[in-house]
Amino acid sequence: MGAFRESRWFRLVWIVPAILVALFLLVLAARGIRALPAVQSFMRDFPGESKLPEGAPTGFPAWLGWQHFLNSFFILFIIRTGWQVRTTKRPPAYWTRTNTGLLRTKNPPVRIGLHLWLHLSLDTLWILNGVIFFVLIFATGQWVRIVPIHWDIFPNAVSVGIQYASFNWPTENGWVNYNALQTLSYFVITFIAAPLALITGIRMAPGLADRFKRFDRVFPLPVARAIHYPVMLFFAAFIAVHVTLVLVTGALRNLNHMYASRDDYTWWGAGIFAISLIVMAAAWVAVRPAILSSLAGITGSVRR
């Protein structure tokens, strides 16, 4: 019984009900606020959408669907491996980079745990995918859909928040324009959270941390660590809310937007989404020490 009390499962016994009660109170409060005449007038003036500029693109190109899947895939395993690095006292094996060719350095390579090797490898792929994403959104004009350009986006976001919290969903047409809260969320995740994760991750990377010692006064290593972990939690919370709202506010149409590049209620997007889940689940099961050791052995030596 004592072991159960100290386990993480015991915390869920009171954490989960507390969260449910807090959500219930939030819904009651939002409904009460929404019934106020002043708030109703405010929501008529700011229904929840900020106008896009003339010539803004409509719909979602096919490349954005592939970007969405790859980003989801990488982020899922980056969060998993990041958590493993943080909580695992002794990794199953250690990897040391082969010090030859273009990567040859004067100092001997740093030995790192297998979980950290996978974390950094996935980070590299995620960054490459992100570079392609940034190039394409600015080349095609898609950036105007996720970058706030009018100040009215903030009161509109408050209006949308009240609508979501009161369980009276806002009228949406993401194919043409995101609501204000979506725009702000996508802007933060793309232009603030992702760069923060990248910068703090580079600052913490083994082998690089010592080279950046001269930046200790302006960007100490403990500060990077203190930022990196909350950013990971922010990504996890964003994913949970994002997936929930996609499914409860019109799953078929939303999934068609995200995966099939079409604006209808067919099952194409849901089918592609299901396949993507199967791929992620298969990769989740396949990521085992024996397989990771074989992959890591291609670029270095693996020792227990």
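**Exercise 1. Find how many salt bridges the structure holds, and place one of them.**

The structure holds two salt bridges. A salt bridge is a side-chain nitrogen of Lys or Arg within 4 Å of a carboxyl oxygen of Asp or Glu. The model is predicted: local features need pLDDT of at least 70, side-chain atom pairs count only at pLDDT 80 or more, and totals for chains, interfaces and linings use all residues. Residues are numbered from 1 along each chain as its sequence is written, and side-chain values use heavy atoms, without hydrogens and water.

Step 1. Asp263 and Arg253 pair through their side chains, at 2.7 Å, N to O.
Step 2. Asp263 sits in the loop between H9 and H10, and Arg253 in helix H9, ten residues apart (helices are DSSP runs of H or I, at least four residues, numbered from the N terminus).
Step 3. Arg253 is buried, because its relative accessibility is 18%. Buried means under 20% relative accessible area, exposed over 50%, partly exposed in between (1.4 Å probe, protein chains only).
Step 4. Asp263 has 33%, so Asp263 counts as partly exposed.

**Exercise 2. Describe the second pair, Asp264 and Arg262.**

Step 1. Their side chains meet at 2.8 Å, N to O.
Step 2. Arg262 has a relative accessible area of 29%, so Arg262 is partly exposed.

**Exercise 3. List what Trp117 touches.**

Step 1. Contact means heavy atoms within 4.5 Å.
Step 2. Leave out residues up to four places away in sequence.
Step 3. Trp117 then touches Trp95, Ile112, Leu292, Leu295, Ala296 and Thr299.

Conventions:
Helices (H or I, at least four residues) and strands (E, at least two) are DSSP runs, numbered from the N terminus.
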